Amino acid sequence: MTLRCSYIGNVSEGSAPHSTENHVARALEANGVEVHRVHEQRFRWVPGEVPEGTDFVLWTHTHGFAPPRTHARQARFLAAMRARGVPTVSLHLDRWFDLDREPQLAEPFFQTDLVCTADGGNQDRFAALGINHAWYPPGVSGPECELGTYRPELAADVAFVGPWAGGYHPESAHRRELVEWLRCTYGDRCRFWPAPGEHAVRGEQLRDLYASVKVLVGDSCLVGTGRNARYISDRVPETIGRGGLLVHPHVDGVTDRTLYTPGKHLLTWPAGDWDALRDTIDQALEDDDLRHHVSLDGRLHVLATGTYEVRVRELLADLAERGLIKQEAAA
């Protein structure tokens, strides 16, 4: 029995090939699901745009693609899907609580039958808002997890990859402090990507970058605030899955062997303890065997447990267990 999904989001052949939605759509297909792609920006929120025989609708929201003026149509669309008996599922990597976007939790995107986000530390708060929430940590596309090639022009002892030059959530001061500390501590030995004004590094160049840098330092939203349990950004599986040696702040419910084991899959330090971070980075720079074994074991761990292909299998099993799709279709 073929399972059929209509996927609304930044998903379409030939555009944004590295979007989360395109990676998830390909992972769905790798799991035997027939995917009808619908780009959110062009979707009219008309029930007839969802083909008959659709088993569930998956939705990943980009705020600018479906602004507030479309909310009433979104709500009517969700109601129509319920009337047709077609479950709706939201999927997103971001977090909302404790950020200026928190009021968005009242929007239709959070009123689907199941809301899946990477924020696993606020189950009670989701429930208090009437949101049926499930924790789905971020993943990485399995085909992207090839090892890169060392390139001298990308080489560095230390690097930070991701938004670093301003514009990040002001509530998460750790990012600004981390960038400044890295600059002051390692100077020219530390490089930052992307360069101001350039697009994010993707694809083959990203794999080569990770193969050319000894230590990748990471960060996730609100680390060090006491409000970041069970939340990490996708840079964790994205870096480790491509064979990068990642140093990341400790996150309760993630790097305490729940998802990743420090010293085996990555290296960690207590957020805000800059002496500990320097000791961790310096030890990794001096120990070639440590870098080799942690990056190797980490990559194998992600391939086995943290790809979108795995996440999709987990999602289908979860939907079946909740009675939203048929058990035999998820098998």
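This passage looks at a buried glutamate, a buried threonine and several salt bridges in a predicted model. Residue numbers start from 1 along each chain as its sequence is written, and side-chain values use heavy atoms, with hydrogens and water left out. Because the model is predicted, local features need pLDDT of at least 70 and side-chain atom pairs count only at pLDDT 80 or more, while totals for chains, interfaces and linings use all residues.

Start with glutamate 309, which sits in helix α9 (residues 308–321); helices are DSSP runs of H or I, at least four residues long, and strands are runs of E, at least two, numbered from the N terminus. Glutamate 309 is buried (under 20% relative accessible area, against over 50% for exposed and in between for partly exposed, with a 1.4 Å probe and protein chains only). Even so, glutamate 309 has no salt bridge, that is, no side-chain nitrogen of Lys or Arg within 4 Å of a carboxyl oxygen of Asp or Glu. The nearest side chain of opposite charge belongs to arginine 313, 7.0 Å away (Lys and Arg count as positive, Asp and Glu as negative; His and the chain ends are not counted). What the side chain of glutamate 309 does have is the backbone nitrogen of glycine 142, 3.0 Å from one of its polar atoms. Beyond four places in sequence, its contacts (heavy atoms within 4.5 Å) include Ala27, Asn31 and Val140.

Threonine 112 is found in the loop between β4 (88–92) and β5 (114–117), and counts as buried because its relative accessible area is 7%. Its side chain makes a polar contact with that of serine 90 at 2.8 Å (a pair of N or O atoms within 3.5 Å; within protein, one must be able to donate a hydrogen and the other to accept it, and residues adjacent in sequence count only if both atoms are side-chain atoms). A polar atom of the threonine 112 side chain also lies 3.1 Å from the backbone oxygen of leucine 114.

As for salt bridges, the structure holds 22. In one of them, aspartate 113 pairs with arginine 82, with the closest N and O atoms 3.2 Å apart. That pair links the β4–β5 loop to helix α2 (residues 71–84), across 31 residues. Glutamate 144 and arginine 207 also meet at 3.2 Å, N to O. Glutamate 144 lies in the loop between β6 (133–135) and β7 (156–161) and arginine 207 in helix α5 (residues 203–212), so this bridge ties together parts 63 residues apart in sequence. Both glutamate 144 and arginine 207 are buried.
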